[in-house]
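Got the model loaded in your viewer? Let's walk through it one selection at a time.

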Amino acid sequence: MFSLNVPVPGQVDRLASELHPKLTRFERIRERHTLLAKRFDTALDDDADSLPRLRERLRPILRERRGGRSGIDLRVTGLDYFETPPRGPGPVVYLTVESPDLHALHRRLCESFGTVEGMEGEGYVPHVTLARGGRIADAADLVDRTEIEPVAWTANEVQIWDSRYREPAARIPLR
């Protein structure tokens, strides 16, 4: 299965590293940090399992930029958690991400490729996962007691992520 991810800058990775000691009470700590823009599901679209077809369908969507602008403006603004995520064990502790650009791109992608129920469309919450599994009380305590400095950046590319090999399969510039 493929997904479209926005790479995060080193500042976000450093922030996650700084938070690492506070995350040890959770079952799994995420070492690789990305930001999901869209998951592609073969039940919704036949091209979702073909990297060449997927890449070619994505190019015109990604070229549609407001006013000729390139890139996606993003901002990590805080720490939060999902009590019961749509997939996998909860809670999920994450960095919150604000981005009207990313929401607009996500809507266009859902229109073209379908919406994965429970995690996309109106339910889409841009975030960078830090840890998952464990006690909800620990997640709530961590969020209540932790403040972070906001991190703003402009992403100039997106990646097609291959979940089978757990690595980027393609990079597409946002020009």
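Start by selecting β8 and β9: these two strands run antiparallel and are joined by 6 bridges. This is a predicted model, so keep that in mind as you click around. To pick out one of those bridges, highlight aspartate 162 and look across to β9, where its bridge partner is glutamate 167.

Stay on aspartate 162 for a moment. It belongs to strand β8, residues 157-162. Is it buried or exposed? With a relative accessible area of 7%, aspartate 162 falls under the 20% cut-off, so it counts as buried. Now show what surrounds it: once you skip neighbours within four places in sequence, aspartate 162 is in contact with Met1, Phe2, Glu167 and Ala169.

Next, click glutamine 159, also a β8 residue. Glutamine 159 has a relative accessibility of 8% and is likewise classed as buried. Which residues does glutamine 159 touch, apart from neighbours within four places in sequence? Its contacts are Ser3, Leu4, Asn5, Pro7, Pro168, Ala170 and Arg171. For a quick distance check, pick the C-alpha atoms of glutamine 159 and isoleucine 172: they sit 6.2 Å from each other, with the two positions 13 residues apart along the chain.

Now widen the selection to the whole sheet. It is an open one with 4 strands, in the order β3-β1-β8-β9, and the pairing is antiparallel. At the edges you'll find β3 (34-39) and β9 (167-173), each of which pairs on one side only. Ignoring direction, neighbouring strands here are turned by 35° against each other on average.

Add the helices that sit on this sheet. α2 packs on it, touching β1 (2-7), β8 and β9, and its direction makes about 35° with that of β9. α3 packs on it too, touching β1 and β3, at about 30° to the direction of β3.

Hide the strands and keep the two helices. The axes of α2 (residues 51-63) and α3 come within 11 Å and cross at roughly 135°. That makes α2 and α3 oblique to each other, and their crossing is right-handed. Which residues meet where they touch? Select these two groups:

- From α2: Leu54, Arg57, Leu58, Ile61 and Leu62.
- From α3: Leu105, Arg108, Leu109, Ser112 and Phe113.

Colour that contact by residue class and you get 7 nonpolar, 1 polar and 2 charged.

Bring the strands back and move to the other stop on the tour, an open sheet of 5 strands. Its order is β2-β6-β5-β4-β7, again with antiparallel pairing. Look at its edges, β2 (28-29) and β7 (151-155): each has a single partner strand, so one side of each is left without a neighbour in the sheet.

From β7, step inward to β4, residues 72-82. The two strands run antiparallel and 5 bridges join them. For an example, select isoleucine 72 in β4, whose bridge partner in β7 is alanine 155. Helix α3 (residues 100-113) turns up here as well: α3 packs on this sheet, touching β4 and β5 (92-98), with its direction at about 90° to that of β4.

One last selection: helix α4, residues 136-145. This helix lies across β4 and β5, running at about 130° to β4.

Notes: Residues numbered from 1 in each chain as written. Predicted model: local features only at pLDDT ≥ 70, side-chain atom pairs only at ≥ 80, totals over all residues. Heavy atoms only, no water. Pairing = 2+ DSSP bridges. Contact = heavy atoms within 4.5 Å. Axes fitted to C-alpha atoms, helices over the stretch in contact; angles between N-to-C directions. Parallel < 35°, antiparallel > 145°, perpendicular 65-115°, else oblique. Left-handed = near helix turned anticlockwise from the far one by under 90°. Nonpolar A, V, L, I, M, F, W, Y, C, P; charged D, E, K, R; others polar. Buried < 20%, exposed > 50% of the residue type's maximum accessible area, 1.4 Å probe, protein only.
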